[in-house]
Every structure is written in C-alpha cells, then in structure tokens.
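Reader: I am new to this structure and would like to understand the words people use for it. Could you walk me through them, one at a time?

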Amino acid sequence: MSEIDNLQNADGTEKHSQTIHSNNEDDTIKTEEASSDSENIQTSDVENIPVENKDSEGHDELLNEIDDSNAEDSEDEGNKDRHTIEFKEYDKMSLEALAVELERLVKNEKVQAIKKQVDAIKIEFNSQFNDLLEEKKADFISDGGNEIDFFYTTPFQKQFVNACKEYRNKLQEHRKNLDQNLKQNLANKLEIIEEIKGLINVEENINTTYKHFKELQERWRKTGPIPRDKYNNAWNSYHHHVEMFYDFLHLNRDLRDLDFKHNLELKVKIIERAEELAQDTDIMRAFRELQELHKMWKEELGPVDREHREAIWERFKSATKIINDKRQSYYQEIDKSYEKNLDIKLDIINKINEINSQETKSHGAWQNKIKAIEALRNDFFNAGKVPMKVNESTWAKFKTAVRTFNRQKNAFYKGLKKDQFTNLQKKLELIKIAEDNKDSDDIEVTTALMKKIQNDWKKVGHVPRKDSDKIWNQFKAACNHFFDRIHASRNAENKESNDAFNKKQELLEVLKSLKLTTDKEKDLETIKEYINQWNTIGRVPNDKRYIEGKYSKVLDDLFSNLKMDKDELEMIKFENKLEDLNNSDNNKNLDNERSFISKKIDDIKGQINQLENNLQFFTNVDEDNPVVKEVLNNIENHKDELKLWKKKLSKIKELY
C-alpha cells in the first residue's frame, strides 16, 4: 500500500481508545555526529543507539505513550481491534448475560484484543456468583441442611467456565504462533539494516545502488510485526542508517532530492490532516486518527531535506499538542462528572448502612427493607462511573454493605419456621377455595373470587421451602382450570376467528408441501395466488397469531428457491410484510416500519456523502488505483441500496 493510500485509510473510527502514537523523525541520531563511527555500529547494538530529545517533559510523555501503543499494535496487528471492541457496563449485567457475553467475545473477536473485557467479566461474574452462593448456602442451612452437604451450581457457571477454558486455549495457541513469527520478522529486519549499511561506499553504479536501497525499503515495509520491546530500537537503527545512506547519496543529489521532495509532500499532507483533526469536535476519534498519522510518519515515510525537518516536525508536533490538550480537557470534564457520581454512590452506601443499623422484627418490615435495598441497588448501578482510582474501593464498600444486609435478612428468616407453618395453613385454605370453585358456572362472581384469592396468596408470605413448589403448583392448577374454561368459552363464541385459524393452518400445510417448477414466472404467480388466499381468510385469535410467523418463514423459503432479481424478490417480501402490518390491531407497527425505513435512507445517504468526501483525498491519484476503485464501487452499491429503500418508503406511503 502506498503512503497516500495509508493517509486516506487513517479514518480514526475507534471511539474508546485512550492511547495514541507520534514520532519525531529527528528523534534519530544526527548523521553528522554518527557518520564517523557508522561502520562500528552493529545491529545487535540497536538498544544502544542514542535518541535526541527535543520535547518538553509533558509532550515527551505523550510521544512515549504513542510509541508504546504503536509498538503494541506492531507486535500483533490484531491488537488494533482492542480500540473498537465495546467495553460494556458489566456490573449491571446478570450472571447469564455475563456468561453469554464472554462466550460471544471468545467466539467472534480476536483473542489478543479482548483481554480487558475478559478480565472485567471474570471479576464481575466471580463476585456475583460468590454472593449468590453465600445466599443459597444461608437458605440451605436455614431449611435445616448441614453446611458440609451444601452444593450449588448453575448452567451459567458451566457455560462461563467453558468459555474461560476456550479463551485460555486460544490465547496460548495465538502466543505460540505469534512468538515464532515475531522472532523471524525481527531477524529479517535486522538483516535489512545490515544490507543498508553495506550499501554505503559500495563500488558500483549509484543508480544500481539506489535501486537496491529502494528494494530494501520495500522489504522493510512488507516485513511483518516484531516484538514490541524491540520495535522502537529497531526503527531507530533503521532510520539512522537510512539517513546515513541519503548523506552518502551526495554523489547523486538528484536521486536524494527526488526522495526528499516526495517525502516532504506526503508529510505536509499528514500535517494538514492533523491540523484538520485539531478542529474536530470528536476528540477521541481525532486522537485515534492522529495515532495512525504518527505511525505513517514514522513507518511509511523517509526523511526530508535537512532544511525542512525541524520546521515540519514542529508544525506536526504543534497540531499533536492541540489535540492532546483537548483530550486532557475532555478527560478532566469526565473526571468532574465521575466525582459527582462518586458522591451519589457513597451516599447510597451510607443509606444502605443506615438501613442495616435499624432493628427489624416483622416480616412486613423486612419486605419493605428488601424493596428499599433493591431500589438503592438500582440507583447505585444507574449512577454512572466513578474515577478509576476509587472504583474498586467503592465497589467493595457497596458489596460489603449489601452483603451485611443479606446476612441480617437470612438470620431473621431462620427464625420464621413457626410463621411459615401458619402461612402454609392459610395457603392450604386458599387452595381449597380454588378447587371448590374451579368448575363453577357463575363466571362473574367466581372470577372476582379467584382474583381475590390470588391477591391473598401473594400477601400470605413464606412457607417451608419443601412445601413451596408443591402447594403453588396445586393452587395454580386450580386457578388455571377455571380461567382455561373461561378462555375456551370465549374461543367458542369467536367461531369466525377460530375458523380462520383452521383455514390458515390448512393453507400453511399446502404451502409447506408446494413443489415449484422451473418456470420462474409461473411459480411466482402461484405463490402470489396463495398470498391472496391467505390475506382474504381473515384474522385469527390473538393467542394464535404465532401462525403468521410460521407463514412468513414458509414464504421466505419458497422465495429463496426462485431465481429472481434480488430487489424484485425483496419488494415482494416487503409487500407481504406490509399486508400483515396493515391488518394488525396496533397502528404503531406500521408507523414504526415507516420510521425505520426513513432512518435507513438517511443513514445510506450519509454513507454515500462520506465516501464521496473521501474521494477528495485522491485528487492526484489515478482512477485505476485499487483503493479508488473500491470506494467508487462502494458508492454505486450504496446508491443501488438507496433505490430499493426508497421504493419501500413509496410503497408504505400508499397505505396512509
């Protein structure tokens, strides 16, 4: 890929990165100072090559941060993906959600890019599971169990453990393969440095030597990643000997000046882009793209004429500082909001501790406390992030406060066995009422009675655990028996909708067994005929609307077997979908579909505009350039897609 291609591709789409890179071409040693002992510098001495420091301490820290991050990306290009993978609010996720998220990450993302997410998920899952384990253990003991016999697990735990194992295996395999490649690539790059050193003072035609030099530069660019701890030193050595070669080219100044001019032009473009980014309101996007620009400056481009070096670097550094200052201000504002969140969370923890200090002796009072704690827990999770330096300590205080509450609650309910027996008798009486009236024909009176005893059931309170499921199933069965009779009666009264369901069920079986011919037009006409039949049958009962989903799936299968134009087929499916939406009781469904299509059209237009804007960076590039052709093809594809969505919008407007 050419330098200008790289410049265009530095789109900075990552939104969450907090690291970036930049490189000063003058950070290499001056050739005047080193030329006298150039022959004595060995590639094994890479780490001993001095680096000139021209920056303030604060800016040096930024450049070092940039270098470190680029070194990490260089070691394994998959590391770049870590900037784009979302870091979710794992403390708000359930055990099941955490296990599913870990499994998704391990399956779909590059293993080297998800360490931060995996570590956070592990901490949160283990914390939640330990709390759950403690609660279940307390319940087990309160029901008379022996602590030594306690055992508890969930399907989510097994899913989580398997995902962790798969992650470890993938990471080990990745590191094994990567280590071998990194060592070989480093050896190749050191060999290239040696060959560049060997070009100086060689007795051959200077044009031949220059051609050889350009081939070595291309080999350097194409060589894969190397260990991150060798990255900067290897590049410093490489850049040092490249500059020495250009000094050697004083015998053929035209060749050297041509390269210097080319590098200057591209570096000016990089500077101009950096200055544009300095005005960008999306700070993190600008910072990520700046990192790419610095990487291009350092890795893709060679030196410029010495009279321009200081000026262009200072200009580039100035733009870098503006962006970094904006980033620091951005983080300072975030920290202010995080401090407010910290105050809120500490206040919530104090409220939980206050509740813990209150003596409670009744079941009703405990139920109120449980609701209050649950509300405070939700408030805590919704309060937002706190400063990183106090995140763990704040979380520990919260968990301790909640754990104290749970222990007090469990201790209270251990003494409720007598009350639980009384509650059991009350619920048995409610079961008897339900069973005595489940076959009553006085629908109005019995419905009110059944609803009342269901509410009474909720108010009774806990019963012994060994009886809980049994009596609940008995009570639920009696209530369901009565209400199922009501539903059956209502269904009988709605014979028309039931008949419609039966007819649609029969038609669905016909569609399932429909055999298509090789005549596309004939098959399409046949399918449309069945669609018309379906639409004229009428509506089915609300509790049997699921048949519409089965019908849509069968139609999709039939359409997929037709060798039709993709857009035409899509419109047929869409028209069928509109028919279903239009016949729905909820008019919002049609409105939502129209809103979705309008938004989709706006999104595609935005993508087309962005691609057309990107082409402006290729003003001096031939249209046959692969990158340009790809952008043009993308624009045409988006325009075709836009036409289809506009057809859909036009079709849905006809229904209003």
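Author: Gladly! Let's start with salt bridges: the name applies when a side-chain nitrogen of Lys or Arg lies within 4 Å of a carboxyl oxygen of Asp or Glu. By this rule the count in this predicted model comes to 31 salt bridges.

Reader: What makes Lys-222 and Glu-218 a salt bridge?

Author: The closest N and O atoms of Lys-222 and Glu-218 are 3.7 Å apart, and the rule asks for a distance within 4 Å, so the pair counts as a salt bridge. Both residues sit in helix α7, four residues apart, which is about one turn of the helix.

Reader: Why is Lys-222 called exposed, and why is Glu-218 called partly exposed?

Author: Exposed means a relative accessible area over 50%, and Lys-222 has 65%, so Lys-222 is exposed. Glu-218 has 32%, which falls between the limits of 20% and 50%, so Glu-218 is partly exposed.

Reader: How do you know that Lys-466 and Asp-467 form a salt bridge?

Author: Their closest N and O atoms are 3.4 Å apart, and that is within 4 Å, so the pair meets the rule. The two partners fall into separate accessibility classes: Lys-466, at 72%, counts as exposed, whereas Asp-467, at 16%, counts as buried because buried means under 20%.

Reader: What makes Lys-651 and Glu-654 a salt bridge?

Author: The N to O distance between their side chains is 3.9 Å, which is within 4 Å, so this pair also qualifies. Lys-651 is partly exposed, with a relative accessible area of 25%, and Glu-654 is exposed, with 55%.

Reader: Which residues are linked in a network of salt bridges?

Author: Lys-88, Glu-101 and Arg-104 are linked in such a network. As a general point, side chains of opposite charge can pair when their charged atoms come close.

Reader: Now for burial. Why is Pro-387 called buried?

Author: Pro-387 has a relative accessible area of 5%, and buried means under 20%, so the word fits. You will find Pro-387 in the loop between α12 (363–382) and α13 (388–414). Setting aside residues up to four places away in sequence, Pro-387 touches Tyr-338, Glu-339 and Leu-342. The C-alpha atoms of Pro-387 and Asp-335 are separated by 6.3 Å, although the two residues are 52 residues apart along the chain.

Reader: What about Ile-355: is this residue buried or exposed?

Author: Ile-355 has 11% relative accessibility, and the cut-off for buried is under 20%, so Ile-355 counts as buried. Its place is in helix α11. Beyond its neighbours within four places in sequence, Ile-355 is in contact with Lys-369, Ala-372, Ile-373, Leu-376 and Phe-405.

Reader: Why is Lys-321 called partly exposed?

Author: At 44% relative accessibility, Lys-321 lies between the 20% and 50% limits, so partly exposed is the right term. Lys-321 belongs to helix α11 (residues 306–357). The C-alpha atoms of Lys-321 and Ala-278 are 8.8 Å apart, with their positions 43 residues apart along the chain.

Reader: And for the protein as a whole, how many residues are there, and what share of them is buried?

Author: Of the 656 residues in the protein, 42% are buried. The secondary structure comes to 22 helices and zero strands.

Reader: What makes a space inside the protein a cavity?

Author: A cavity is a set of points where a 1.4 Å probe fits but cannot get out. The structure holds two cavities of 30 Å³ or more, and the largest has a volume of about 80 Å³. That largest cavity is lined by 13 residues, with Gln-217, Tyr-238, Glu-299, Leu-301 and Gly-302 lying nearest its centre. Helix α8 gives the most to this lining, with four residues. By class, the lining has six nonpolar, three polar and four charged residues.

Reader: Finally, how confident is the predictor in this model?

Author: The protein averages a pLDDT of 79, and 83% of the residues score at least 70. Over residues 1–58, however, the pLDDT is below 50; beyond near neighbours in sequence, this stretch has 163 contacts in the model.

Notes. Residues are numbered from 1 along each chain as its sequence is written. Side-chain values use heavy atoms; hydrogens and water are left out. pLDDT is the predictor's confidence in each residue, from 0 to 100. Contact means heavy atoms within 4.5 Å. Helices (H or I, at least four residues) and strands (E, at least two) are DSSP runs, numbered from the N terminus. Buried means under 20% relative accessible area, exposed over 50%, partly exposed in between (1.4 Å probe, protein chains only). On a 1 Å grid over the protein atoms alone, a cavity is a set of points where a 1.4 Å probe fits but cannot get out, and a pocket is an open set with protein on both sides within 12 Å along at least five of seven lines; lining residues have an atom within 4 Å of a point. Grid points are joined across faces, edges and corners, and a volume is the space filled by probe spheres set on the points. Ala, Val, Leu, Ile, Met, Phe, Trp, Tyr, Cys and Pro count as nonpolar, Asp, Glu, Lys and Arg as charged, and the others, Gly among them, as polar.
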